[in-house]
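Thanks for sharing this one with me. Here are my comments as numbered points, to be read with the structure open beside you.

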Amino acid sequence: MQLPSSATVAAVVLSVVVLFIRATEAHNITHILANHKQFSTFNHYLTTTHLAAEINRRQTITVCVVDNAGMSDLLSKQLSIYTIKNVLSFHVLLDYFDAKKLHQITNGTALAATMFQATGSATGSSGFVNITDLKGGKVGLSPADYNGPPPAKFVKSIAEIPYNISVIQISTILPSDEAEAPTPGPSQMNLTSLMSAKGCKVFAETLLASPAEKTFEDNVDGGVTIFCPRDDAMKKFLPKFKNLTAEGKQSLLEYHGIPIYQSISNLKSNNGDMSTLATDGAKKYAVVIQNDGEDVTIKTKIVTAKITATVVDKLPLAIYSLDKVLLPEELFKASPTPAPAPAPEARAESPKHSKSPPAPASPAESPADSPADGPNGDADDLTDSGAVKYNAGASLAAVFSLWFAFNVLM
């Protein structure tokens with residue numbers, strides 16, 4: 001049998017590597033724009049408003065960027081950072097449009113939803129952008145509710161990763177009264193009212209009666225993420241809460257806050273230890289963020305709680321409801337591992353009638369919130385399978401490529 005040439009082997013191996021890299025490829029909008037200094041202002045505000053993370057998380061999108069001069073026109077309106085986020089989100093289309101597709105639009109026009117529409121802040125069709133194939137090979141873009149010729153024109157393609165992300169330059173910022181409407185900042189929001197309205201009333205009322213409430217308020221403008229246990233979980237925990245000292249009560253409440261804004265997509269991608277508002281020098285009071293598929297869990301050495309809903313997510317404030325109260329090891333002890341029951345004495349006269357030893361009690365049957373002066377117990381394993389992720393598509397591509405290479409070489 002004739003063996004394949006070195007060139008053939010090299011070509012096959014290279015194809016395997018390329019396919020594997022393509023399968024694991026993910027886009028990063030800030031890295032894409034970093035190579036184009038004329039879009040540095042637009043890129044800066046994508047990062048400042050945390051829109052970059054949202055864009056990187058999504059698939060099949062088009063980002064319509066404007067140059068620094070176009071951003072200067074927007075910034076001259078002196079809009080708040082929260083309003084600028086709305087305006088820029090209006091420039092992210094939830095569909096893929098590269099240069100070729102823009103010039104081949106069916107019937108000459110297409111309507112695309114935007115990230116601003118997805119926020120729920122847009123009313124009617126105000127969160128949609130109309131794309132029109134104009135005469136002379138030009139393409140115009142306008143808000144769906146805009147009267148008149150398209151105010152923005154397609155200039156050129158900046159980057160294309162079919163059919164993942166397309167970055168195109170347009171001539172000017174798309175006008176939108178709704179996107180540019182004043183957006184209240186988080187300091188103007190009533191934190192406890194927001195929590196009470198979304199099923200965390202008991203936690204909110206407990207917070208109001210504690211100095212911890214001021215700690216949360218003081219951190220809002222700089223960025224804060226709050227985890228509020230739902231009413232059913234908090235009611236069940238109240239008897240234990242009342243047994244804590246005044247300092248312990250404050251620390252436990254502050255343990256439910258992180259001194260940085262974290263969107264749900266950030267929580268999914270930034271797994272690991274995080275400090276809390278209760279962290280103070282030697283008092284670690286840390287939590288572990290982990291995601292299991294679409295679920296995000298907040299884990300301590302005592303309990304694992306799951307995020308059940310988003311109460312509010314408006315930069316720089318995020319509030320999420322939990323199905324359990326977070327219990328820090330500084331205030332509670334992990335439940336001890338139960339010792340196995342001793343085996344019964346064997347009956348020599350009738351071995352077949354001997355009974356199996358009773359099964360040890362499961363951790364779920366043991367108290368998970370023993371008092372701090374109780375016996376020490378083993379902590380939960382923090383390296384469970386939820387902390388490890390892999391790209392299934394990449395694995396399949398690699399397997400197929402290796403199979404193909406084997407057949408060629410054989």
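1. In what order do the strands of the open sheet that includes strand 14 run? Going across this seven-stranded open sheet, the order is 9-8-14-13-12-11-10, and the pairing is mixed. Strand 9 (257-258) and strand 10 (272-274) each have a single partner strand, so they stand at the edges with one side lacking a neighbour in the sheet.

2. A word on confidence, as this is a predicted model. Mean pLDDT for the chain is 80, with 74% of residues at 70 or more. Two stretches call for care: over residues 9-24 pLDDT stays under 50, and it also stays under 50 over residues 346-396. The model does place contacts there beyond four places in sequence, 17 for residues 9-24 and 57 for residues 346-396. I would not lean on those contacts, because coordinates predicted with low pLDDT should not be read in detail.

3. Back at the edge formed by strand 9, its partner is strand 8 (residues 224-229): the two run antiparallel and are joined by two bridges. Within this pair, T225 faces I258 of strand 9.

4. There is also an open sheet of seven strands with the order 2-1-7-6-5-4-3, again of mixed pairing. Here the edges are strand 2 (92-93) and strand 3 (109-113), each pairing on one side only. Strand 3 runs antiparallel to strand 4 (residues 128-133), with five bridges between them, and A110 stands opposite I131 of strand 4.

5. Do look at helix 10 (residues 201-208), where V202, F203, A204, T206 and L207 are buried. What do these buried residues pack against? Their neighbours are helix 9 (191-197), helix 11 (212-219), helix 12 (231-242), helix 13 (246-254) and strand 8.

6. The largest nonpolar core counts 51 residues, and M195, F227, L252, I289, I298 and I319 have the most contacts inside it. Strand 14 (residues 317-322) gives the largest share of this core, with five residues. A separate core of 46 residues lies apart from it, including F39, L46, L93 and L141.

7. Finally, F227 is a good residue to centre your view on. Leaving out residues up to four places away in sequence, F227 touches F203, H256, I258, L267, I289, I298, I307, Y320 and L322. This list ties several points above together: F203 is one of the buried residues of helix 10, I258 is the partner of T225, and I289 and I298 are among the residues with the most contacts inside the largest core.

Conventions. Residues numbered from 1 in each chain as written. Predicted model: local features only at pLDDT ≥ 70, side-chain atom pairs only at ≥ 80, totals over all residues. Heavy atoms only, no water. pLDDT = per-residue confidence, 0-100. Contact = heavy atoms within 4.5 Å. Pairing = 2+ DSSP bridges. Helix = DSSP H or I, 4+ residues; strand = E, 2+ residues; numbered from the N terminus. Buried < 20%, exposed > 50% of the residue type's maximum accessible area, 1.4 Å probe, protein only. Core = buried A, V, L, I, M, F, W, Y, C linked by side-chain atoms within 4.5 Å.
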